[in-house]
Amino acid sequence: PTSAQVSVAPHSGRFCYTLDNAVLSREQRQFYEDNGYLLIRNLVSDQDIERFRKEFTRICRREVKPPGVMIMKDESRKSEFGQSESVVNKVQDFQEDEELFRYCTLPEVLKYVECFTGPNIMAMHTMLINKLPDSAQQTFLHPMHQDLHYFPFRPASRIVCAWTAMERAHQDNGCLIVQPGTHRTALKPHGYPQWEGKTNKLFHGLLEEDEKIPKVHLVMEKGDTVFFHPLLIHGSGINRTSGFRKSISCHFASSECHYIDVKNTTQEHLEKELQEMVCKKYDATNVELKDIWNFRARLVQGERINL
């Protein structure tokens with residue numbers, strides 16, 4: 001069994017995944033309803049992106065050490081590059097870093113987030129991804145997956161990811177790849193793909209992928225932001241260039257969402273893996289999945305209700 005009981009009550013006519021307000025046009029709402037994502041051009045300013053880039057560099061150099069942050073590295077590059085952005089592939093859970101967390105509070109981002117979550121908004125999961133040059137080992141290829149696999153809260157229709165390109169993202173440097181319309185499917189079983197030497201911790205993917213479903217490469221310019229549903233099947237390719245492909249993202253949810261028990265579902269093995277990682281990092285004997293998410297979550301707008 002899976003744990004994706006996607007209960008969606010239409011809010012106006014045939015619109016199920018977007019809420020009534022004056023921000024999205026009818027055409028934009030229909031596009032998201034049909035495809036599960038919506039790309040907004042030039043949303044985040046160059047000035048903000050440069051501030052995020054500088055803070056990322058400071059974290060890589062260990063000039064700042066935000067509590068709770070998870071820094072993922074390519075250890076094979078450490079001897080050559082030391083403590084630098086040439087080694088760090090991802091900074092995750094930056095909710096306690098006030099400079100990076102500014103992304104989650106940008107009015108221009110929240111204006112669109114509210115179209116999917118409503119007015120009470122929680123920032124649930126934060127990441128700054130620095131896709132490293134990777135043409136040989138394909139170490140940081142992220143298999144096609146659904147983000148809801150990672151989340152023990154529902155309903156899915158009140159969760160949305162905002163993903164902003166920090167420089168031009170294209171096919172050569174590993175842009176996002178989406179399968180339009182797959183947000184209307186159920187949560188599918190995930191696990192580590194059978195790629196010898198090419199799997200990363202928590203980079204889970206679909207155990208069975210339907211190759212017949214068309215894929216779209218999202219070519220994005222610096223500051224472009226895509227909003228997408230947590231059931232949308234997506235991934236990213238490898239970076240075949242000599243530079244980095246940075247992006248910053250946050251998964252937002254309505255604070256009216258509720259936690260679920262993932263026992264006896266396809267998410268149970270993920271829960272165990274995450275608990276083991278957290279217990280090891282903080283030298284703890286036991287931690288509940290809900291506690292992990294309570295630590296990650298921060299209110300950014302409105303009232304904190306359930307999450």
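Let's start at E99, which lies in helix α4; helices here are DSSP runs of H or I with at least four residues, strands are E runs of at least two, and both are numbered from the N terminus. This is a predicted model, in which local features need pLDDT of at least 70 and side-chain atom pairs count only at pLDDT 80 or more, while totals for chains, interfaces and linings use all residues. Residues are numbered from 1 along each chain as its sequence is written, and side-chain values use heavy atoms, with hydrogens and water left out.

How confident is the predictor? pLDDT, its confidence in each residue on a scale from 0 to 100, averages 87 over the protein, and 87% of the residues score at least 70. Treat residues 1-12 with some care: pLDDT stays under 50 there, and the model has 33 contacts for this stretch beyond four places in sequence. A contact means heavy atoms within 4.5 Å.

Back to E99. With a relative accessible area of 18%, E99 is buried; that word means under 20% relative accessible area, with exposed over 50% and partly exposed in between, using a 1.4 Å probe and protein chains only. Leaving out residues up to four places away in sequence, E99 touches R51, F52 and E55. Helix α4 spans residues 98-105, and L100, F101, Y103 and C104 are buried in it along with E99. An α-helix has 3.6 residues a turn, so residues three or four places apart point the same way. At the N-terminal end of α4, D97 acts as a cap, with a side-chain oxygen 3.1 Å from the backbone nitrogen of E99. F101 has a charged partner too: the charged end of R298 sits over its ring, 4.0 Å from the centre. For such a placement, NZ of Lys or CZ of Arg must be within 6 Å of the ring centre and within 35 degrees of the ring normal.

Next, follow strand β12, residues 225-228. T225 and F227 point one way, V226 and F228 the other, and all are buried. In a regular strand the side chains alternate between the two faces of the sheet. Which strands pair with β12? Strand β1 (residues 37-40) does so in the antiparallel sense over four bridges, with Y37 having F228 as its bridge partner. Strand β7 (residues 159-165) is also antiparallel to β12 and joined to it by four bridges, and here W163 stands opposite V226. Two strands pair if DSSP finds at least two bridges between them.

F227 also leads us to the aromatic residues, since it forms one cluster with Y32, Y112 and F116. Across the whole structure, a search finds nine aromatic pairs. The rings of F153 and Y259 have centres 6.2 Å apart and planes at 90°, so this pair is edge-to-face. Rings of Phe, Tyr and Trp (its six-membered ring) pair if their centres lie within 6.5 Å; planes under 30 degrees apart count as stacked, over 60 as edge-to-face and the rest as tilted. F153 belongs to strand β6 (residues 153-154) and Y259 to strand β15 (residues 258-259), so the pair links distant parts of the chain, 106 residues apart. F153 is buried at 1% relative accessibility, and Y259 is buried at 17%.

Finally, look for an open sheet of four strands in the order β5-β13-β8-β11, paired antiparallel. Its edge strands, β5 (142-145) and β11 (216-217), each pair on one side only. Two bridges join β5 to β13 (residues 234-236), where H142 has S236 as its bridge partner.

Technical notes:
pLDDT = per-residue confidence, 0-100. Polar contact = N/O pair within 3.5 Å; in protein donor to acceptor, adjacent residues only side chain to side chain.
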